[in-house]
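Q: I have a structure here that I haven't looked at before. Can we go through a pocket and then the cysteines?

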Amino acid sequence: MRESKSVIVCGGGVVGLCCAYYLAREGRAVTVLERNGEVRDHCALGSAGYVSPSHVIPLAAPGMVWQGLKWMLNPRSPFYIKPRLDSDLLRWSWLFMRSANRAHVERAAPILRDLCVASRALFEELDDITGHAFEFKKEGLLNLCKTAAGLDHEAHGLARLANELGVEAQILNAAQTAALEPGIKLDVAGSVYFPIDAHLTPWRFAQTLTALLKEMGVRFQWNTTVFGWRTEAGRIAAVQTTAGDLLADEFVLAGGSWAPAMLTGLGLRLPLQAGKGYSLTLPQPRFKVTKPMICTERRIAVTPMGDTLRFGGTMELSGINHDVRLERVQQIIDSVPLYFPELTAADFSGIQPWHGLRPVAPDGMPYVGRFNRYRNLTAACGHAMLGVTMAPISGLLVAEILAGRKPSVALQMLDPNRYA
Ligand SMILES: Cc1cc2nc3c(=O)[nH]c(=O)nc-3n(C[C@H](O)[C@H](O)[C@H](O)COP(=O)(O)OP(=O)(O)OC[C@H]3O[C@@H](n4cnc5c(N)ncnc54)[C@H](O)[C@@H]3O)c2cc1C
């Protein structure tokens, strides 16, 4: 049955775009509000573009608190929290510590798997519908391990859990790893290969989806900032924006790291920290790579995108700002030759670092669901390192929630009211 209720999606990142797609597909009258113009930066643009069912372990996992404390002392480490007296950060850190245990991983991992596997299938559909316009490649993912100890850790940790959950993980030695990427020289002890993973070129995906949405009749209001809400009897009556008050039957919060700020005035709590990451893209790399890779010990993601090669990484919780910490960019540059001996720091000279703010919930699970207090407001945010991967399934879930249908994936762990 076709629905005609109007929906305003607040935020035009990949998650907002995917919400708009699945809502419009059901016949909803959809408007996307985005504070920037159509040609804009957003968190997916410089991302690694992984569509990663292999990422079954949430950020909040055993060992992460101790590891995080050690890394905090090292400004060049892959994970960094800028120490500061901020009540939101203190509460977030406490909630993170509360979740960083085995029981949480055991509950979260099957849900993450379900979300990512379902989303990968939706990407395949979108790839077909759009005529293969966003370079969606099903090449798998190689988690490169520099040392035997690193390989052992991956084999007994992520790979074992993934296999238990039905996400195939193959443990490869150095020769088997090299055989999968014959065009390059790798200095590694081995790798874990996840055949199910895929990747895409994020700017092409966002551009293609925007064009498709326009064809479907979705309205975009660019350069329109949300700054408040009008409420009436437990419902949102209008969203207050720089273009005036806008009315709709339903509202979707897809503001990424800005989602908590967007909720101003509603008395809702949505713990979220911006996790800054950087990437560097070589326009003409000296060799051709076919598969995306992760330099596991250094947490660096490497993705072939068209003719270019992108290196990304670091998770820096330093608040919402656009400061570029060069020592953290340098951490990426210094790590690359350890795994790819043909590359040197000189390959990166003159390459401008990109940065983006991942929206990170303290338990490593996104917020997807209706708010109890305002029943026509639905969250779709907090996807952290998996926002590209999970964008389509999040959009589908939002459409299912608004239609009152059974959701494709269990929603309990994604409840936006879980920290209310
Ligand atoms: C280095 C790096 C690598 C990554 N690699 C991957 C990867 O390989 N795979 C993966 O799955 N994920 C990856 N991610 C994570 C992924 O990019 C994010 O999770 C995802 O892009 C978040 O999308 P979003 O739509 O929720 O947020 P955003 O992209 O931040 O979109 C939110 C939008 O809301 C708008 N907005 C904010 N406030 C307002 C307001 N008041 N009014 C109107 N509009 C507003 C913003 O302008 C923005 O466009 C990576 C991230 C980084 C930084």
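**Pocket and cysteines**

Q: How much space lies in the second largest pocket?
A: About 370 Å³ lies in the second largest pocket. Keep in mind that this is a predicted model.

Q: Which residues lie nearest its centre?
A: Asp88, Pro260, Leu270, Leu272 and Gln273 lie nearest the centre of the second largest pocket. They belong to a lining of 18 residues.

Q: Which helix and which strand each supply at least two residues of that lining?
A: Helix H3, residues 87-99, and strand S14, residues 273-282, each supply at least two. The largest share, four residues, comes from H3.

Q: And how does the lining split by class?
A: Nine of the residues lining the second largest pocket are nonpolar, four are polar and five are charged.

Q: Changing topic: how many disulfides does a search of the whole structure find?
A: Zero, for the whole structure.

Q: Take Cys10. Why is there no bond to the closest cysteine sulfur?
A: The closest cysteine sulfur to that of Cys10 is in Cys19, and at 11 Å it is too far for a bond. A disulfide needs the two sulfur atoms within 2.5 Å.

Q: Is Cys10 buried or exposed?
A: Cys10 is buried, and its relative accessible area is 0%.

Q: What about Cys43, where is the closest cysteine sulfur?
A: In Cys381, 13 Å from the sulfur of Cys43, so that pair is also too far apart for a bond.

Q: And what is the relative accessible area of Cys43?
A: The value is 29%, which makes Cys43 partly exposed, whereas Cys10 is buried.

Methods:
Residues numbered from 1 in each chain as written. Predicted model: local features only at pLDDT ≥ 70, side-chain atom pairs only at ≥ 80, totals over all residues. Heavy atoms only, no water. 1 Å grid on protein atoms, 1.4 Å probe; cavity = no way out; pocket = protein on both sides within 12 Å on 5 of 7 lines; lining within 4 Å. Points joined across faces, edges and corners; volume = space filled by probe spheres on them. Nonpolar A, V, L, I, M, F, W, Y, C, P; charged D, E, K, R; others polar. Buried < 20%, exposed > 50% of the residue type's maximum accessible area, 1.4 Å probe, protein only.
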